[in-house]
Amino acid sequence: MQHLVFLKLGGSAITDKTQEATPREEVIRRAAREVKRALPRDRDLKILLAHGSGSFGHFAAKKTGFGVSENWRAYAETGAAANRLNRIVADIFLSEGVPVVSFQPSASARCRDGKLQAIAVSPLWNALDHHLVPLMYGDVAFDETRGMTIVSTEMLFAYLAPLFLPGRIIYVSAVNGIFMADPSDDDSAQLIPEITPNTFAQVVARVGAARGVDVTGGMQDKVRRSLTLVEQLPRVNIFVVGAQEGVIERALLEKDFAEGTRIHADLLQRA
C-alpha cells in the first residue's frame, strides 16, 4: 500500500508515565482530530494505528512482578491495564469520527524467547480494505520459552512492516524528536535531526532512557529496533515527533516532512 502509514502514539505522549493509570486525554483527542483531518485530504491514505501502554501496562507489569515464573495473575493484571488504556483511546477516536477497530495482540500473538513469531494479519488487511483504522497496542503475550512476554508496539511494527510495506512509520513521543539529553530537564538539549546505521554509534551513548516507568527498554531500544527495520526495508522512513498541535497531521501528509528526528537507511551512501 503506497500511502500506508504506521502511526504509534507513544505511552509517554498519551499518559503521564510518572503517575499510575493517568491518561492525557487532551493529547489523545488532538491526535484523533488530526487523523480525522488528514484522511479526507489524501484519499489514498491508510493508517495502521497503535499506542504504547504508558502508565497503565508498564505500572501494572512492574507492580505485579510480570515475568516471574508462573505469576499468571501478573499476566492477567498487566493485560487488563493495557486494555483499559486501549478502550480510552478507541472511545476518544470514535467520538471524533475516526473509525478505529481495536485488535488485541495477545489474542493471536505467538512468541518465543521474547520475540514475536506470528500474529494474525488477515483481520488487519480486511479493516484497511474497508477504510477502517486498525488500532493495536502494547500488550502481554504467551511465550513458548519464557511463559510470558511483553509485545511492544515496536515489535508489532517490526513484524508487520515487511508484510504491509508502509511508506512511513511515525512514532509520537512526549517531545519533538530524539535529543542528546532530556529536554524536559535541560533547555540546551540538542535535537538529533537524523539517525542512520552509520551515525548511530556516535549518538547512542547520549540517547537517554525512558522517562518514568518503562519495562520495554526505553528510547535506545526503540532506536535500535528502528535501525534494524530500515536496514531491512531501506525505502521506509521512520520519524520520531512530538504531539504538539499540527505535527501529526503534517507528518501524515507532507512528502517533504522534516520535523523531529528521521531514522533512515541513508540510501545516498549506499549508492
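Me: Which residue is the bridge partner of F6 in β9?

Reply: That's I169. One thing up front: this is a predicted model.

Me: What makes β1 and β9 count as paired strands?

Reply: Two strands pair if there are at least two bridges between them. Strand β1 (residues 4–9) and β9 share five bridges, in the parallel sense, so they qualify under the two-bridge rule.

Me: How do you know which strand β9 pairs with besides that, and in what sense?

Reply: Five bridges link β9 to strand β13 (residues 237–241), and that pairing is parallel. To pick out one position, Y171 stands opposite V240 in β13.

Me: Why is β9 called largely enclosed by the rest of the structure?

Reply: Count the residues. The cut-off for buried is under 20% relative accessible area, and five of the five residues of β9 (168–172) are buried, so the strand is largely enclosed.

Me: What makes you say that both faces of β9 are covered?

Reply: Start with the usual pattern: side chains in a regular strand alternate between the two faces of the sheet. Here R168, I170 and V172 sit on one side, with I169 and Y171 on the other, and all of these are buried.

Me: What leads into β9, and where is L165 found?

Reply: L165 is in the loop between α6 (153–164) and β9. Helix α6 itself has buried residues, among them M155, L156, F157, L160 and F164.

Me: What makes the phi of L165 worth a remark?

Reply: Most residues other than glycine have a negative phi. L165 is not a glycine, yet its phi is positive, at about 50°, and this comes just after α6.

Me: Why does L165 count as partly exposed?

Reply: Its relative accessibility is 49%. Exposed needs over 50% and buried needs under 20%, so at 49% L165 falls in between and is partly exposed.

Me: What is the phi of D113, a residue other than glycine?

Reply: Near 55°, a positive value. D113 lies in the loop between β4 (110–112) and β5 (115–118).

Me: Why does D113 count as partly exposed?

Reply: Its relative accessibility is 40%. That value is not under 20% and not over 50%, so D113 gets the in-between label.

Me: Why is T145 called exposed?

Reply: Its relative accessible area is 52%. The cut-off is over 50%, so T145 is exposed. You'll find it in the loop between β7 (139–143) and β8 (147–151).

Me: How do you know which residues T145 touches, leaving out those up to four places away in sequence?

Reply: The test is heavy atoms within 4.5 Å. By that test T145 touches R112 and D113. There's also a C-alpha separation of 8.3 Å between T145 and C111, which are 34 residues apart along the chain.

Me: Why is the protein chain called as compact as a globular protein of its length?

Reply: The chain comes to ten helices and 14 strands. Its radius of gyration is 17 Å, close to the 18 Å that the globule rule gives for 271 residues, so the label fits. The C-alpha atoms fill a box of roughly 50 × 45 × 35 Å along the principal axes.

Me: How many of the contacts between residues at least 6 apart in sequence join residues at least 24 apart?

Reply: 75% of them. On burial, 52% of the 271 residues are buried.

Me: What is exposed on the protein chain, and how much do carbon and sulfur atoms supply?

Reply: About 12400 Å² is exposed, and carbon and sulfur supply 49% of that. As for charges, the mean positions of the 31 positive and 31 negative ones are 2 Å apart.

Key:
Residues are numbered from 1 along each chain as its sequence is written. This is a predicted model: local features need pLDDT of at least 70, side-chain atom pairs count only at pLDDT 80 or more; totals for chains, interfaces and linings use all residues. Side-chain values use heavy atoms; hydrogens and water are left out. Helices (H or I, at least four residues) and strands (E, at least two) are DSSP runs, numbered from the N terminus. The radius of gyration is taken over C-alpha atoms; the globule rule is 2.2 Å times the number of residues to the power 0.38. Buried means under 20% relative accessible area, exposed over 50%, partly exposed in between (1.4 Å probe, protein chains only). Accessible areas come from the Shrake-Rupley method with a 1.4 Å probe; for residues, only the protein chains shown count as cover. Lys and Arg count as positive and Asp and Glu as negative; His and the chain ends are not counted. The place of a charge is taken as NZ of Lys, CZ of Arg, CG of Asp or CD of Glu.
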